[in-house]
Amino acid sequence: MSHFLRKSLSSFLYRPTLFCCRHFSHSHPHNTTSLFSPTWLSRNSYTNGLSPTRARFWASQPAVTEPSTSDGLTVEGIISNNWTILDENDGDWKSHAAAIAQSITLIKRRLQWKKLKVRLNMLSVQLNKEDLWDDPVRAGKINREHGSLLGKMKEVNGLERELLEHIEMIKLAREENHEELELESMKALLNMRRNAKEKEIEALLSEEHDSCSCYIEVQAGAGGTESMDWASMIMQMYKSWAQQRGYKVTVMEEMPGEVAGIKRATIKVDGEFAFGYAKSEIGVHRLVRISPFDSNKRRHTSFAAVAVIPNLGDQSSSVQINESDLRIERFRASGAGGQHVNTTESAVKITHIPTGVTATCQNERSQHQNKASAMAVLQSRLNQLEMARQAQLNSQHTQSLTDITWGSQIRSYVLHPYRMVKDLRTNYEVSDADSVLEGDLDGFIMSYLSASLDKNEDDA
Amino acid sequence: MKLTLTNHTFSTLLNSSFINLRRPFCSASLLSSSAPISVKPQVPIFLRPPIYSAKLSDLKKWHNWAKSVASSIGSSFVQSDNGPDSEILCRELKWFVEDVVEDKHWLFSEMGDGDERVKMRADLEELYCLWKQRIEERKPFQYVVGCEHWKDLVLSVEEGVLIPRPETELIVDLVSDLVSKNEDLRRGVWADLGTGSGALAIGIGRVLGNGGKVIASDLSPVAVAVAAYNVQRYCLQNKVELREGSWLEPLKDMEGKLAGLVSNPPYIPSTDIAGLQAEVGKHEPRVALDGGVDGMDALLHLCDGADLMLKPGGFFAFETNGEKQCRELVDYMKSNRSASLCNLEIIADFAGIQRFVIGFHR
Ligand SMILES: C[S@@+](CC[C@H](N)C(=O)[O-])C[C@H]1O[C@@H](n2cnc3c(N)ncnc32)[C@H](O)[C@@H]1O
């Protein structure tokens, strides 16, 4: 279900009828005979109208019962069976089922399932109080929150039931030797696997700015050419990663090192969820290798810092910039200028005087466009600053490069004496260092994102 | 190398509007006389149809060659006359490819065995030739591709027309700010004297409101033709009118009527011309650069012009060579008794050099 649809569903939720219709038409595309009669479904479908009394009646129903197949298989059961998950194309039904169960579990974690149930119960109690509607504003609020949570819970339960239903069907078809039915059910299961995966990703990336495009900034640590080379390797890794994901990459700013590599660079990554994924990369990345720049062939350790900033675009959270607070300079300009000079270099540097925040762009063909791009970077940096100031929470995702202390190492890349890339936060590791440097980062990103969920749940 | 543009593509790109070019009174000193269209402007590469093609491997070969030539320059041009270094040349090469190749993604992709054909807007031989001219003859990159990105415009340029400078963009910003607050000036008639490629006239034409228009003049027939082409590309024929002639001569009918007057006239002192970087000194038209002994010839003439042509409350902006000329110009305006110019202000460019003198007619 699209984000939008889900939102509109939950906001309509206090109209039970409407909700039920839409909801079930989605999660039960072929729901004619339910194999495990969910009692509350039939009860809910009687609910009509919008009157407070109706709502009370509806809300007072027991929220959910854990679905299972006729032989007692539950989603948790599937997980604990530890069935191997194979590739979509060569998996059998168990593999599909295990993959779907995994997605569901992750979505539940994201929703903070246990907390959600407790909260839902509490709200139900409130809704059942006689004097509830004495304060209609508060009642409306409670009613809506209850509806929204119940909607989420039902969506997940819907997924669980759908999964079990498919399994039941497949088992049944096999018993009856009904090939056609088996084939069809397998197809439905595979379809569901894909949908569930999508929902899982949506659930992973549901923080405020996750869906935004972003800027990725890389800065070389101390250590001269070797670290600058490392910084450019890291930047290359992100460029490849972003391109493999189908994002558009634009170099905004690049300060090359004297001999090789870069001192610092910024790229813009355009595409849905770019920030949501890339934020996992914030922190210091460490490299150990024999430096090609060391004639004595010694082993070197170098560092590069990575910052990721959401590109909020024209969103209302944009900070208002006063033209008079800006100093706009021609970057690297020298000599008499004007008619004396013909250069295609028209880099522009903009300084926001009150904050000292700067942005440069040199990549465009006109000064005007360089200025516009630099303004966009400046705007997003100021937004970032403002976000950090306002929130002060969410701290790890709002750090700018300068805030990243060189102590906050997140990942280590060893190319000598052995080859391994290891994430220090999740302990996820890969021995094919080259593939990682070529942009194969999704394993790291996904494991970090789901580990963050676990952490949130522990905190909860 | 002159491109032969006699083929049909050219005539379709340029419709008949050139014939409508007004040819008002021209000074006797004018070299050109005869037909209304004595000069046919070139079409920039990026606007030509992609009728050529090359094998990907051949194109890559050219690209590698061009890149190595660019790299071999190092900073030698910088040292000799403050010309471009390898980094700038490599970036130009990237833009060159963008303009020439229809789908440039080919060139940088690792895939493919090199036998695919890539569609291009110029043939491979011409690419070799053009890049050689860029490096060996120091032909400005903008003349190589036939255009310059200036503000949010892409203006056609060719030998014989000054390549608009980034500094000059600021004049349009100043005018844009002004007219956004001043309805009267927004709907008035403006003049861009020595319009060159038409950059200022087009930039200003786009910020004027209903009724507002720009009269752009230039002594050079090539400039007038190129400016007309650019005006037409941005569909501003109704807003920008071109007149050929020396400074104010073609604008005699506008005395005391102009809402605004802008100009970036030639301002380099004659003695400095010889020391200019090759791209400028060897390729750009001297008539666009040489401002006489102290570079002030045209500027002083235009001061008097502003005095004469602007209506009360009218605005002017001139680009100059820097602080010295700015000060001299302001002094001249203040000391000249008949001068009615006021609220004089000197404005710096983005490099911090005092570049513009602006003010109003009383
Ligand atoms: C420095 S260029 C400026 C071109 C354009 N306005 C720009 O900013 O890119 C000066 C222009 O003044 C023109 N010019 C030189 N002498 C002139 C004259 N006597 N009357 C009119 N235009 C003249 C040149 O042909 C040239 O196009």
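Visitor: How many residues of chain A are in contact with residues of chain B?

Guide: Happy to start there. Keep in mind that this is a predicted model. Counting contacts from each side, 26 residues of chain A meet 43 residues of chain B.

Visitor: And how is the size of such an interface expressed?

Guide: Often as the accessible area that is lost when the parts come together. Here chains A and B bury about 2,900 Å² between them, and 44% of that lies on carbon and sulfur atoms. On the chain A side, A:Gln339, A:Asn342 and A:Arg365 supply 33% of the area this chain buries against chain B, more than any other three residues.

Visitor: Which kinds of pairing should I look for, and how many salt bridges are there between chain A and chain B?

Guide: Start with the charged pairs: the count is three salt bridges between chain A and chain B. One to display is A:Arg330 with B:Glu167, where the closest N and O atoms are 3.3 Å apart. Then turn to polar contacts, which number 21 residue pairs between the two chains, with both residues at pLDDT 80 or more.

Visitor: Which elements of chain A each supply at least two residues of the side that touches chain B?

Guide: Strand S6 (326-330) and helix H12 (367-391) of chain A do. H12(A) gives the most to that side, with four residues. Sorted by class, the side of chain A that touches chain B has four nonpolar, 15 polar and seven charged residues.

Visitor: Now the ligand. Why is the site described as shared between chains?

Guide: Check which chains the surrounding residues belong to. Residues from both chain A and chain B surround the ligand, so the site is shared between them.

Visitor: Which of the 17 residues around the ligand come nearest?

Guide: Those are B:Gly194, B:Asp218, B:Trp247, B:Asn264 and B:Ala288. By class, the shell around the ligand divides into seven nonpolar, nine polar and one charged residue.

Visitor: What does the ligand's polar pairing with B:Gly194, B:Asp218 and B:Asn264 look like?

Guide: It helps to separate backbone from side chain. For B:Gly194, a backbone N or O atom lies 2.8 Å from a nitrogen atom of the ligand. With B:Asp218, an N or O atom in the side chain is 2.6 Å from a ligand oxygen. B:Asn264 places a polar side-chain atom 2.9 Å from an oxygen atom of the ligand.

Visitor: And how much of the ligand's accessible area does the protein cover?

Guide: Compare the ligand on its own with the ligand in place. Alone it has 590 Å² of accessible area, of which the protein covers 95%.

Conventions: Residues are numbered from 1 along each chain as its sequence is written. Chains are lettered from A and ligands numbered from 1 in the order in which they are written. This is a predicted model: local features need pLDDT of at least 70, side-chain atom pairs count only at pLDDT 80 or more; totals for chains, interfaces and linings use all residues. Side-chain values use heavy atoms; hydrogens and water are left out. A residue is near a molecule or strand if one of its heavy atoms lies within 4 Å of it. A polar contact is a pair of N or O atoms within 3.5 Å; within protein, one must be able to donate a hydrogen and the other to accept it, and residues adjacent in sequence count only if both atoms are side-chain atoms. Accessible areas come from the Shrake-Rupley method with a 1.4 Å probe; for residues, only the protein chains shown count as cover. Ala, Val, Leu, Ile, Met, Phe, Trp, Tyr, Cys and Pro count as nonpolar, Asp, Glu, Lys and Arg as charged, and the others, Gly among them, as polar. Contact means heavy atoms within 4.5 Å. Buried area is the accessible area (1.4 Å probe) that two parts lose on being put together, summed over both. A salt bridge is a side-chain nitrogen of Lys or Arg within 4 Å of a carboxyl oxygen of Asp or Glu.
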